[in-house]
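Open the model in your viewer and keep the selection panel at hand. Each stop below says what to select and what is there.

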Amino acid sequence: MEKAERKVDLTVGQRFVVTIEKIAHGGHFIARHLGAVIFVRHAIPGEEVEIEITSTGSSFNRADVVKVVSASSDRVSAPCQFAHRTGCGGCDFQHISLDRQRQLKSEVITEQFARIAKKEVTVLVEEVGGALGYRTRFTAVTTRDGALGFRQARSNKVVPVSDCRILQPELKYQELSNRKWKGDLQVEVSISSTGERTIATGYTRDETPVRTSEGPDIATYEVNGAPLEVSQRSFWQSHKSAPAVLCEAVLKYAELKIGDQVLDLYGGVGLFTSQVIELVGESGRIDLVEGSKSATGDALRNFAERTNVGIHTGDVEKILPRFSKADVIILDPPREGAGKNVVQSMVSLKPRAIVYVACDPAALARDSAYLESSGYTLADIRAFDLFPMTQHIESVALFKRVKVS
């Protein structure tokens with residue numbers, strides 16, 4: 001019997017050549033060196049690259065590509081001058097062709113479901129518009145000297161950035177970068193459907209609340225003819241096409257009927273509720289549950305004239321057990337997902353369908369396993385490239401209750 005290869009201890013700053021094996025969740029790529037597992041940034045599977053170790057650990061190490069020895073045919077020149085190992089940490093994949101980016105994201109979903117949910121899932125990550133100029137909002141930070149920029153990957157170091165290619169041109173980032181800002185600021189900027197730009201700032205060092213300094217405190221976004229008011233602190237999808245794309249996918253899966261009782265969990269300002277109202281009619285009802293007071297404040301205004309919409313502020317896990325029935329549940333949880341307790345409360349209501357919007361494939365895979373063990377099967381799943389040039393993926397999954405004869 002052959003002896004297992006003894007794992008070597010690596011040191012920060014060490015350089016050597018490795019072959020990249022496959023993508024890992026989180027925007028990294030896996031390589032191995034003398035038994036040590038290394039998560040590498042700025043690589044592509046199949047490449048031979050020289051790397052530099054940036055951190056070490058007991059189970060894995062991290063590294064950056066410093067030189068490409070043998071390049072993949074999918075390697076391209078990054079459109080942004082700040083997309084490199086010592087530059088902005090916002091874009092993970094600018095060095096990869098767009099088709100290959102989506103293929104890699106599909107592989108991540110498949111791997112997460114296989115590893116966590118023990119389920120075979122194959123899904124095409126769908127293209128949504130262009131890969132540049134798609135973001136309608138962003139959060140930047142300033143250096144101590146007041147230069148506007150973004151943090152490096154896995155670091156608090158702020159890199160001054162004069163232009164950001166993934167932002168909508170209407171945000172006028174270059175004009176903002178030319179301003180002289182105060183040091184250590186967090187700068188949140190958004191643009192509404194009507195073209196109104198809002199800028200809000202707050203100090204990063206003492207977590208001073210962000211305050212609007214320019215533009216309206218509340219922006220209006222229109223989705224399929226439904227106007228929604230969104231405060232600066234409330235969550236809103238950053239891709240300009242995301243609200244409409246996600247609503248189309250959610251409604252197709254939900255197959256709503258007149259009179260349905262719907263739960264909109266982690267419902268924010270009411271994006272999905274705004275699209276569900278007409279489909280369930282006056283005899284139907286929607287209850288939106290959201291933890292952000294800012295978001296539910298917006299939702300209360302957005303649906304003030306709707307008697308069949310209930311807005312509930314608080315922890316979904318604590319509020320959900322108050323309901324006794326639901327025909328359809330829509331949920332769009334934060335990155336950590338819903339979790340076992342929320343899943344158990346959902347299935348106890350016996351909805352005919354659960355439509356799950358997920359921004360993290362690992363959390364979705366975990367919650368899928370909980371649902372599958374509780375009488376719900378994954379009927380279908382779609383994935384959308386709503387964060388081109390980055391490792392992030394947005395998925396919409398449909399779970400249907402298994403009928404017991």
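**Stop 1: a covered strand**

Start with strand β12, residues 197–203. This strand is mostly covered, with six of its seven residues buried. Keep in mind that this is a predicted model.

Now add strand β11, residues 185–191. β11 and β12 pair in the antiparallel sense, over seven bridges. To see one of the bridges, pick Ser190, whose partner in β12 is Thr198. Then look at the turn. Five residues lie between β11 and β12 in this hairpin. Gly195 sits in the turn and has a positive phi of about 85 degrees.

Which strand, residues 211–214, also pairs with β12? Select β13: β12 and β13 are antiparallel and share three bridges. Ala200 has Thr212 as its bridge partner in β13.

**Stop 2: Phe138 and its core**

Select Phe138 next. Phe138 and Val396 have the most contacts inside the largest nonpolar core, a set of 65 residues. Colour helix α3, residues 242–254, as well. With eight residues, α3 gives the most to this core.

Show what Phe138 touches. Leaving aside residues up to four places away in sequence, the list includes Phe150, Leu167, Leu171, Tyr173 and Leu176. Val187, Glu188 and Val189 are also among the contacts.

**Stop 3: aromatic pairs**

How many aromatic pairs does a search of the whole structure find? Six. Two are worth a stop.

Select Phe150 and Tyr173. Their rings are stacked, 5.8 Å centre to centre, with 20 degrees between the planes. The pair links distant parts of the chain: Phe150 is in strand β9 (residues 148–151), Tyr173 is in helix α2 (residues 173–177), and 23 residues separate them. Are these two residues buried or exposed? Phe150 and Tyr173 are both buried. Add Phe138 again: Phe138, Phe150 and Tyr173 form one aromatic cluster.

Move on to Tyr221 and Trp236. This aromatic pair is also stacked, at 4.9 Å centre to centre and 25 degrees between the planes. Tyr221 belongs to strand β14 (residues 218–223), while Trp236 lies in the loop between β15 (226–231) and α3. They are 15 residues apart, and the pair links distant parts of the chain. Why does Tyr221 count as buried? Its relative accessible area is 5%, and the cut-off for buried is under 20%. Trp236 counts as buried too, because its relative accessibility is 6%.

**Stop 4: the eight-stranded sheet**

Select the strands in this order: β7-β21-β22-β20-β19-β16-β17-β18. They make an open sheet of eight strands with mixed pairing. The edges are β7 (125–127) and β18 (309–313), and each pairs on one side only. Neighbouring strands of the sheet are turned by 15 degrees against each other on average, direction ignored.

Zoom in on β20 (residues 353–358) and β22 (residues 394–401). These two strands run antiparallel and are joined by six bridges. Tyr356 has Ala397 in β22 as its bridge partner. While you look along the strands, recall that side chains in a regular strand alternate between the two faces of the sheet.

**Stop 5: two cores**

Finish with Val40, Phe323, Tyr356 and Phe399. They are among the 57 residues of a second core, separate from the largest one. Show both cores in two colours: Phe138 and Val396 mark the largest, and Tyr356 is one of the residues in the second.

Key
Residues numbered from 1 in each chain as written. Predicted model: local features only at pLDDT ≥ 70, side-chain atom pairs only at ≥ 80, totals over all residues. Heavy atoms only, no water. Pairing = 2+ DSSP bridges. Helix = DSSP H or I, 4+ residues; strand = E, 2+ residues; numbered from the N terminus. Axes fitted to C-alpha atoms, helices over the stretch in contact; angles between N-to-C directions. Core = buried A, V, L, I, M, F, W, Y, C linked by side-chain atoms within 4.5 Å. Buried < 20%, exposed > 50% of the residue type's maximum accessible area, 1.4 Å probe, protein only. Contact = heavy atoms within 4.5 Å. Phe/Tyr/Trp six-rings, centres within 6.5 Å; stacked < 30°, edge-to-face > 60°.
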